[in-house]
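Work through the exercises below with the sequence and the 3D structure open beside you. Each task is followed by a solution that goes step by step.

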Amino acid sequence: MARMQHEALQESELASEGGKCDALYELGLIYSTGNGVEVDLVTAHKWFNLAAMRGSEAARSCRAELAREMAPAEVAEAQRQAREWLATH
C-alpha cells in the first residue's frame with residue numbers, strides 16, 4: 001500500500017512539472033490529508049495556490065480553508081515557495 005501511494009505521489013509530482021492544474025490540485029490534497037506523506041500544510045497551500053492560479057475553483061476553496069488554519073508566517077512561506085516554483089517551471 002505504501003509503495004502504491006509513493007508511486008502515485010511521484011506520478012503527481014511529475015505531472016505537476018508540466019503545470020497541469022489537476023496534478024497540482026492532487027498534490028495539494030495529498031499534502032493536506034497526509035495520504036502517503038506526512039501532513040504539510042505549507043506544501044499543501046503551495047500546490048493549491050498553483051492550481052488556483054491555473055483556474056481550479058476547488059483549489060481556491062481548499063487554499064482559503066488551509067489559510068484559516070495556518071499562521072501568517074506559514075502562509076507567507078507557502079506563497080514564497082509557489083513563486084519559487086513558478087520561476088523555475
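**Exercise 1. Helices H3 and H4**

Determine in which hand H3 passes H4, and classify the direction of the two helices relative to each other.

Solution. Looking at the pair in this predicted model, we find that H3 passes H4 in a left-handed crossing. The next step is to read the geometry of the axes, which come within 8 Å and cross at roughly 150 degrees. Angles over 145 degrees count as roughly antiparallel, and H3 and H4 are therefore roughly antiparallel to each other. As a link between the two helices, take Ala 64, which is found in helix H4, and Phe 48, which belongs to the buried residues of H3. Ala 64 and Phe 48 are 16 residues apart in sequence, while their C-alpha atoms lie 9.2 Å apart in space. Ala 64 itself has a relative accessibility of 34% and counts as partly exposed.

**Exercise 2. The whole chain**

Describe the make-up of the protein chain, and state how its pLDDT varies among the elements.

Solution. Begin with the count of elements: the protein chain has five helices and zero strands, and read along the sequence it follows the pattern α-α-α-α-α. Of its 89 residues, 36% count as buried. Turning to confidence, the chain averages a pLDDT of 87, and 80% of the residues score at least 70. Among the elements, helix H4 (residues 57–69) has the highest mean pLDDT, 97, whereas helix H1 (residues 2–17) has the lowest, 61. Where pLDDT is low, the predicted coordinates should not be read in detail.

**Exercise 3. Helix H3 and its surroundings**

Check the span of H3 against its number of residues, and then decide how far the helix is enclosed.

Solution. First, the span: at 1.5 Å a residue, the 13 residues of H3 should span 18 Å, and the end C-alpha atoms are 18 Å apart, which agrees. Second, the burial: 11 of the 13 residues of H3 are buried, so the helix is largely enclosed by the rest of the structure. Among these buried residues are Val 42, His 45, Lys 46, Trp 47 and Leu 50. Leu 41, also found in helix H3, has a relative accessibility of 23% and counts as partly exposed, since the cut-off for buried is under 20%. The C-alpha atoms of Leu 41 and Glu 74 are separated by 8.2 Å, although the two residues are 33 apart along the chain.

Third, consider the neighbours. Helix H2 (residues 21–33) packs with H3 at an angle of about 160 degrees, their axes being 8 Å apart. That makes H2 roughly antiparallel to H3, and H2 passes H3 in a left-handed crossing. With H5 the arrangement is as follows: the axes of H3 and H5 come within 8 Å and cross at roughly 55 degrees. H3 and H5 are therefore oblique to each other, and H3 passes H5 in a right-handed crossing.

**Exercise 4. The faces of H4 and H5**

For H4 and H5, find which residues are buried and which are exposed on the other side.

Solution. An α-helix has 3.6 residues a turn, so residues three or four places apart point the same way. In H4, the buried residues are Ala 59, Cys 62 and Leu 66. They cover an arc of only 65 degrees around the axis, which puts them on the same side of H4. The face turned away from this buried side carries the exposed residues Glu 57 and Arg 68.

In H5, the buried residues are Val 75, Ala 78, Gln 81, Ala 82 and Trp 85. Seen down the axis of H5, they fall within an arc of 120 degrees, so they line one face of the helix. On the other side of H5, Pro 72, Ala 73, Arg 83, Ala 87 and Thr 88 are exposed.

**Exercise 5. A loop residue**

Locate Gly 55 and describe its exposure.

Solution. Gly 55 lies in the loop between H3 and H4. With a relative accessible area of 42%, Gly 55 is partly exposed. Its C-alpha atom is 7.4 Å from that of Cys 21, a residue 34 positions away in sequence.

Notes
Residues are numbered from 1 along each chain as its sequence is written. This is a predicted model: local features need pLDDT of at least 70, side-chain atom pairs count only at pLDDT 80 or more; totals for chains, interfaces and linings use all residues. Side-chain values use heavy atoms; hydrogens and water are left out. Buried means under 20% relative accessible area, exposed over 50%, partly exposed in between (1.4 Å probe, protein chains only). Helices (H or I, at least four residues) and strands (E, at least two) are DSSP runs, numbered from the N terminus. The arc is that of the directions from the helix axis to the C-beta atoms. pLDDT is the predictor's confidence in each residue, from 0 to 100. Axes are lines fitted to C-alpha atoms, for helices over the stretch in contact, and angles run from 0 to 180 degrees between N-to-C directions. Angles under 35 degrees count as roughly parallel, over 145 as roughly antiparallel, 65 to 115 as roughly perpendicular and the rest as oblique. A crossing is left-handed if the near helix is turned anticlockwise from the far one by less than a right angle, and right-handed if clockwise. The expected span of a helix is 1.5 Å times one less than its number of residues.
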